[in-house]
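Work through the exercises below with the sequence and the structure side by side. Try each task before reading its solution.

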Amino acid sequence: MNHSFNQFDERPPVKPMTPLFIGIALALGVVIGYYLNNQHVGGRLNKSGSAATSTGEKISSVVNYIQEQYVDTVNPKELEEKTLTALLHSMDPHSDYIPASEFQEVNEPIQGNFEGIGVEFNIFEDTITVVTPISGGPAEKAGIMAGDKIILVGSKNIAGVKITNKEVFSLLRGKKGTEVKISVMRRGTRSLQKVSITRGEIPLYSVDVAYMLTPEIGYVKISRFA
């Protein structure tokens with residue numbers, strides 16, 4: 001006996017435009033997802049829902065994103081200061097960002113005076129060497145001479161310890177009327193010489209020498225802008 005079976009597909013027929021609609025929907029999904037991801041990562045959404053566009057907003061957004069997503073803990077204030085420093089350094093060699101903690105120290109030569117012992121020094125071979133005592137200052141009055149090497153401040157050794165300019169300032173500068181004791185090595189002597197210096201106000205003058213060579217020609221020596 002032969003049996004014949006007729007199979008019928010009850011699924012609705014596929015419309016010819018359906019694959020096209022699916023493709024368009026997928027493409028739109030990719031584009032929208034890419035756009036939203038860029039808004040979140042690159043600019044972060046602001047309150048209005050649009051990406052941050054101004055320079056200030058971009059910097060703030062990046063700092064916030066690093067603070068939230070970076071693998072290690074970061075200091076946002078320190079990160080902002082490094083960003084500002086790098087930004088100004090990229091402009092020209094004369095532009096710089098000065099943190100508030102360093103402003104007073106940097107501004108002292110421009111103000112024309114500061115309080116301390118009054119020496120110009122250089123750190124040579126990890127030893128503080130006096131270039132010159134400032135004329136009329138406490139160090140000059142106490143007998144400090146150009147070429148003296150400062151070895152001790154009080155009982156603290158400051159030679160051969162990789163001291164920085166900032167550390168030297170903190171040790172030698174201070175309020176007017178306070179005393180600091182230093183020990184110096186002077187050329188031609190074998191032992192340290194102890195010198196007691198009373199700190200005072202150190203004037204900084206821009207012009208060292210000024211006189212007329214002829215009735216019409218003058219000579220002016222400018223050592224610094226203060």
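**Exercise 1. Classify Thr 129 as buried or exposed, then list its contacts.**

Solution. This is a predicted model. Start with the relative accessibility of Thr 129, which is 16%. The cut-off for buried is under 20%. Thr 129 therefore counts as buried. Next, place the residue: Thr 129 is part of strand 3. Last, look for its partners, leaving out residues up to four places away in sequence. Thr 129 touches Glu 120, Phe 121, Asn 122 and Phe 124, and also Gly 147, Asp 148 and Lys 149.

**Exercise 2. Describe the backbone and the surroundings of Asp 126.**

Solution. Begin with phi. For Asp 126 it is near 65°, a positive value in a residue other than glycine. Now find the position. Asp 126 sits in the loop that runs between strand 2 (119–124) and strand 3 (127–133). Then check exposure. Asp 126 has 21% relative accessibility, so this residue counts as partly exposed.

**Exercise 3. Do the same for Lys 162, and find what Lys 162 touches.**

Solution. Phi first: Lys 162 is not a glycine, yet its phi is positive, at about 55°. The residue belongs to the loop between strand 5 (156–157) and helix 6 (165–172). Its relative accessibility is 69%. Exposed means over 50%, so Lys 162 counts as exposed. Now the contacts. Not counting residues up to four places away in sequence, Lys 162 touches Asp 126 and Glu 167. Finally, take a C-alpha to C-alpha distance: Lys 162 and Glu 125 are 9.1 Å apart in space, with their positions 37 residues apart in sequence.

**Exercise 4. Which residues touch the most other members of the largest nonpolar core, and which strand gives the most to this core?**

Solution. The core has 18 residues. Ile 144, Ile 150, Ile 182 and Ile 197 touch the most other members. Several elements each supply at least two residues: strand 2, strand 3, strand 4 (149–153), helix 6, strand 6 (179–185) and strand 7 (193–198). Strand 6 gives the most, with 3 residues. Now zoom in on Ile 150. Apart from residues up to four places away in sequence, Ile 150 touches Ile 128, Val 130, Ile 158, Leu 172, Ile 182, Ser 183 and Val 184.

**Exercise 5. Find the residues of the nonpolar surface patch of about 470 Å², then classify Tyr 219.**

Solution. The patch is made by Val 209, Tyr 211, Leu 213, Ile 217 and Tyr 219. Pick out Tyr 219, which lies in strand 10 (residues 218–222). Its relative accessibility is 37%. Tyr 219 therefore counts as partly exposed.

**Exercise 6. Sum up the whole protein chain: how many helices and strands, and what share is buried?**

Solution. Count the elements: the protein chain has 6 helices and 10 strands. Of its 226 residues, 21% are buried. The accessible surface comes to about 17,000 Å², and carbon and sulfur atoms hold 57% of that. Then turn to contacts with a separation of 6 or more. Residues 24 or more positions apart account for 44% of them.

Notes. Residues numbered from 1 in each chain as written. Predicted model: local features only at pLDDT ≥ 70, side-chain atom pairs only at ≥ 80, totals over all residues. Heavy atoms only, no water. Helix = DSSP H or I, 4+ residues; strand = E, 2+ residues; numbered from the N terminus. Buried < 20%, exposed > 50% of the residue type's maximum accessible area, 1.4 Å probe, protein only. Contact = heavy atoms within 4.5 Å. Areas by Shrake-Rupley, 256 points an atom, 1.4 Å probe, with all protein chains shown as cover. Patch = residues over 30% accessible without salt bridge, like charges linked within 9 Å, V, L, I, M, F, W, Y side chains within 5 Å. Salt bridge = Lys/Arg side-chain N within 4 Å of Asp/Glu carboxyl O. Core = buried A, V, L, I, M, F, W, Y, C linked by side-chain atoms within 4.5 Å.
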